[in-house]
Amino acid sequence: MDNGIVRITFLRPAGDVTEIQYNGVENVLETHNGECNRAYWDVVWNRPGEHIRLDRLRGTKFSIVGKDKNQIEISFSRKWHHSAWNSTVPLNVDKRYILRRGSAGFYTYTILERPEGWPDFEMDQVRIVLKPDSEMFHFMAISDKIQRVMPTAEDRKLGRQLAYSEAVLLTHPGNPALKGEVDDKYEYSIENRDDKVHGWMSKKLGVGIWVISPSDEYVAGGPLKQDLTSHVGPILLSMFTSTHYTGKDLNTRYRDGKPWRKVYGPVFVYLNSVSGRPRRSYRKLWRDMKKEVRKWPYGFLQSEHFPCADQRGSVAGQLLVGDKYVNQTLMTANNAYVGLAAPGKAGSWQTDAKGYQFWTRANEEGYFLIKNVRPGNYNLYAFVPGIIGDYKFEANITIKPGSETDLGAIVYHPPRNGPTLWEIGVPDRTASEFFIPDPKPFLTNKLYTHILSDKFRQYGLWDRYTELYPHHDLVYRIGNSKCHQDWFFAHVPRKTGNKTYTAATWQIVFKLRKPSFAGNYTLHLALASAHASELQVRFNDKSVKKPHFSTGLIGKDNAVARHGIHGLYRLYSIPVPRRLLRRGSNRIYLTQSRSNDAFRGIMYDYVRFEGPRELLVDREG
């Protein structure tokens, strides 16, 4: 396909991209790789109970879907047959590519379809992979802040592997300025809500190659899910589904012969000319990205499965928060996240990978408008910064072409059993407000020494816990301790020897003048992440064998190892009978009891201790 600006060459009928010609450069892709290993779609899948497999989604049929003076759209498709059950995912595949007149790039999307009655399987990953020329592309940009000169794949080979294969200490890099840094692809993960454009620049060629994602309706896990972007290779990704930062809690299971279809994309693979000052070029790129976002939903796709703007609907309303222990009147849900996703329980959107999701932010008065929603049945979900828990509107919402649904004022009543006696942290679904240590000076990524808001992305921070608490675990004293100084960002095991660990028990010390007989107290534990962990809670007796509360084994987020400040959100509201409390000094013991390795751990979002419901009445009286 050639429009005079960019030329794209494909393998036919497989549908892999072998060549992208732009601005006098014959091919911006890695020509040292084979033709089928330069730019492609793939999925990771498995039969139930079996090992994972990789399917490159190679087509068996090529066709021109539509062609006129303004654009061409082509298809590489594959019909699944049971004879291919050992090698290909049981889905019908239709990969599409679009080149438009005057466009410095191409659009791509894929339709995956499972007809009724087809075999059970699991699909943990759906993505696009592009591999730019490794001799030419060395500057990577993920956001307006996260930009840097990157090491090469050869630098990683010559380096020293650290605690896991993705993390490498650069010992003999070709660029001496990178010596002593840690490279790990997970240091460049980003949340879905922020992943609008990322890619690579070549000063030598004066060219940049980028993936622009104008919408996140087709990605799994909602606005806060984190995923990979670009990394050493150079590699440029567009991730639609993955179990990164969620594990298998993300629902990637296809069962019971239920039919399913989803359109992934389109995304825009964009090429631009760059100056000798990459950051200036990136600012122009950012403006170009915003132009693409404003075009959504695109009106030029030829698939009947992608509805245009006039075939979509909208939902509007005002979200209020009712919590009489904070305010006797209803409060506006300022800056709340409000979204439509597949019907389920409150909060189920964060583990949904099969459906579409549509999110917006409410204004200061709690008013929201969710536009360009595909026809279908949804639940409306919300969560509010500064407020614990998840909201779900009680009725299903059906979107029809052109429909405009106005819900009016709706009220979220967050979990609350009594007045707040004390709290630790800020309910924002992350552990970012807690103490994040400096990395060891010989295990740093220099980029994040200058971006303090992303300090958590540094390698090896989990080991700093043992250095800070070599013999005794963390003790947090209500009224004296400060969360940004005294509450470590991750509740991880304490190292006792070479690859040996012991369970860490943290203590919260607080005072009660006189425990009330009016009813139960409540301990709210909001978790920002959990990986292969069990949180046990004991009140005033560390030695009692059976904990007063246990989460059981939870979490597969792996956010500690993968430099995430959160994974999946969990909230536990624990009733605390008066008999477990004392007049005067009290202690809550929090034990993360699973200590097989360094990465089993919990990140807290927020901890709140409430008095009995009647306590507020007594105080007012």
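**Figure 1. Close-up of the W41 and F240 ring pair.** W41 is buried, with 1% relative accessible area. In this predicted model, F240 is buried as well, at 2% relative accessibility. The two ring centres lie 5.2 Å apart. The planes meet at 0°, so the pair counts as stacked. W41 belongs to strand β3 (residues 39-46). F240 belongs to strand β20 (residues 235-241). The pair therefore spans 199 residues of sequence and links distant parts of the chain. The count of aromatic pairs in the model comes to 50.

**Figure 2. Close-up of the W80 and W85 ring pair.** How are the rings of W80 and W85 arranged? Their centres are 5.9 Å apart. Their planes stand at 85°, so this pair is edge-to-face. An angle over 60 degrees is what earns that label. Both W80 and W85 are buried. A pair of aromatic rings is described by two quantities, the distance of the centres and the angle of the planes.

**Figure 3. Two charged side chains over tyrosine rings.** K354 lies over the face of Y254. The distance to the Y254 ring centre is 4.9 Å. R429 places its charged end over the ring of Y569. Here the distance to the ring centre is 3.9 Å.

**Figure 4. Nonpolar cores, with L319 in view.** The largest nonpolar core has 106 residues. Which members touch the most other members? They are I20, M123, I209, L319, F368 and L380. Strand β22 (residues 260-273) supplies the largest share of this core, 8 residues. A second, separate core holds 67 residues, including Y164, I436, L527 and A559. Around L319, neighbours within four places in sequence are left aside. L319 then contacts T332, A333, A336 and V338. Further contacts of L319 are E365, G366, F368, A382 and V384. Y391, I410 and Y412 are also in contact with L319.

**Figure 5. Surroundings of T522 in strand β37.** T522 sits in strand β37 (residues 521-533). Is T522 buried or exposed? T522 is buried, with a relative accessible area of 4%. T522 and S573 are 51 residues apart in sequence. In space, their C-alpha atoms are 6.6 Å apart. Beyond four places in sequence, T522 contacts N417, S573, I574 and V576. R608, F609 and E610 are also in contact with T522.

**Figure 6. Two cis peptide bonds ahead of proline.** The bond from R12 to P13 is cis, with omega near 15°. P13 is in the loop between β1 (6-10) and β2 (17-22). A cis bond also joins W296 and P297. Omega there is about -5°. P297 is in the loop between α2 (278-294) and β23 (313-321). Most peptide bonds are trans.

**Figure 7. Positive phi at two asparagines.** Most residues other than glycine have a negative phi. N372 has a positive phi, near 55°. Where is N372 found? N372 is in strand β27 (residues 367-373). Its relative accessible area is 24%, so N372 counts as partly exposed. N558 also has a positive phi, near 55°. N558 is in the loop between β40 (554-556) and β41 (570-576). N558 is buried, at 17% relative accessibility. The limit for buried is under 20%.

**Figure 8. The annotated domain segments.** An unreviewed UniProt entry places the feature "domain: Rhamnogalacturonan lyase" at residues 334-407 and 420-609. In residues 334-407, the end C-alpha atoms lie 17 Å apart. That span is 0% helix and 45% strand. In residues 420-609, the end C-alpha atoms lie 6 Å apart. That span is 5% helix and 38% strand.

**Figure 9. Confidence along the chain.** The average pLDDT of the chain is 95. Of the residues, 97% score at least 70. Where does pLDDT stay under 50? It does so over residues 617-621. For residues 617-621, the model has 1 contact beyond four places in sequence.

Notes
Residues are numbered from 1 along each chain as its sequence is written. This is a predicted model: local features need pLDDT of at least 70, side-chain atom pairs count only at pLDDT 80 or more; totals for chains, interfaces and linings use all residues. Side-chain values use heavy atoms; hydrogens and water are left out. A nonpolar core is a set of buried Ala, Val, Leu, Ile, Met, Phe, Trp, Tyr and Cys residues joined through side-chain atoms within 4.5 Å. Buried means under 20% relative accessible area, exposed over 50%, partly exposed in between (1.4 Å probe, protein chains only). Helices (H or I, at least four residues) and strands (E, at least two) are DSSP runs, numbered from the N terminus. Contact means heavy atoms within 4.5 Å. pLDDT is the predictor's confidence in each residue, from 0 to 100. UniProt positions are given in the numbering used here, feature names are shortened, and annotations may be inferred rather than shown by experiment. Rings of Phe, Tyr and Trp (its six-membered ring) pair if their centres lie within 6.5 Å; planes under 30 degrees apart count as stacked, over 60 as edge-to-face and the rest as tilted. A charge sits over a ring if NZ of Lys or CZ of Arg is within 6 Å of the ring centre and within 35 degrees of the ring normal.
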